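Dear colleague,

I am handing over the structure below for your records. My findings follow directly after it, with the cut-offs stated where each term is introduced.

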Amino acid sequence: MEANPYDRNCPSRRLLDRIGDRWTVLVVGILSEGPTRFGEIARQIDGISQKMLTQTLRKLEADGIVSRRAYPEVPPRVEYSLTDAGRSLQEPLKALESWAREHFELLDSIEV
């Protein structure tokens with residue numbers, strides 16, 4: 001079977017939907033710097049709720065893009081990092097971020 005993201009039933013479409021999610025782009029951007037704790041991710045992404053960050057991290061972990069490492073300490077410490085698949089997303093998502101930084105003025109002409 002060949003992947004076809006234009007087919008709504010193709011797994012590649014679901015993966016593309018996940019990667020295109022606004023929170024995913026930002027979480028991958030943060031994790032590009034290295035392993036990061038939940039609270040630090042939340043502090044860096046203005047406007048994300050704890051619930052949405054939790055959901056995003058769980059989905060990315062289930063998709064094999066993010067790994068979660070819990071340390072047996074008191075208090076518990078958990079770090080998130082990119083898997084090999086997640087690291088392979090860095091370059092295309094960084095390009096998207098750069099494009100957004102260069103063209104943010106376009107929003108003045110777009111009705112929200």
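Helices (H or I, at least four residues) and strands (E, at least two) are taken as DSSP runs and numbered from the N terminus. On that basis the order of elements along the chain, read from the N terminus, is α-α-β-α-α-β-β-α, a secondary structure of five helices and three strands.

Please note that this is a predicted model, in which local features need pLDDT of at least 70 and side-chain atom pairs count only at pLDDT 80 or more, while totals for chains, interfaces and linings use all residues. Residues are numbered from 1 along each chain as its sequence is written, and side-chain values use heavy atoms, with hydrogens and water left out.

Overall dimensions and surface

Taken along the principal axes, the C-alpha atoms of the chain fill a box of roughly 50 × 40 × 25 Å. The chain exposes about 8400 Å², of which carbon and sulfur atoms supply 52%; accessible areas come from the Shrake-Rupley method with a 1.4 Å probe, and for residues only the protein chains shown count as cover. Of the 112 residues in the chain, 27% are buried, where buried means under 20% relative accessible area, exposed over 50%, and partly exposed in between. With contact defined as heavy atoms within 4.5 Å, 42% of the contacts between residues at least 6 apart in sequence join residues at least 24 apart.

A buried threonine

T56 belongs to helix α4 (residues 50–62). Its relative accessible area is 5%, so T56 is buried. Leaving aside residues up to four places away in sequence, T56 touches W23, T24 and V27.

Salt bridges

A salt bridge is counted where a side-chain nitrogen of Lys or Arg lies within 4 Å of a carboxyl oxygen of Asp or Glu. The search of the whole structure finds seven salt bridges.

One of them joins R18 and D63, with the closest N and O atoms 2.4 Å apart. Because R18 lies in helix α1 (residues 11–20) and D63 in the loop between α4 and β2 (66–71), this pair ties together parts that are 45 residues apart in sequence. R18 is partly exposed at 24% relative accessibility, and D63 is partly exposed at 34%.

Helix α5 (residues 84–103) holds D84 and R87, which are three residues apart and therefore separated by about one helical turn. Their salt bridge has its closest N and O atoms 2.2 Å apart. D84 counts as exposed, at 60% relative accessibility, whereas R87 counts as partly exposed, at 40%.

K94 and E97 are also three residues apart in helix α5, so about one helical turn separates them. Their side chains meet in a salt bridge at 3.9 Å, N to O. K94 has a relative accessible area of 46% and is partly exposed; E97 is partly exposed as well, at 26%.

In addition, E73, R77 and E79 are linked in a network of salt bridges.

Aromatic rings

R77 appears again here: its charged end sits over the ring of Y71, 3.7 Å from the ring centre. The criterion is that NZ of Lys or CZ of Arg is within 6 Å of the ring centre and within 35 degrees of the ring normal.

How many aromatic pairs does the count come to? Rings of Phe, Tyr and Trp (its six-membered ring) pair if their centres lie within 6.5 Å, with planes under 30 degrees apart counted as stacked, over 60 as edge-to-face and the rest as tilted. By this rule there are zero aromatic pairs.

With kind regards

Definitions and conventions
Buried < 20%, exposed > 50% of the residue type's maximum accessible area, 1.4 Å probe, protein only.
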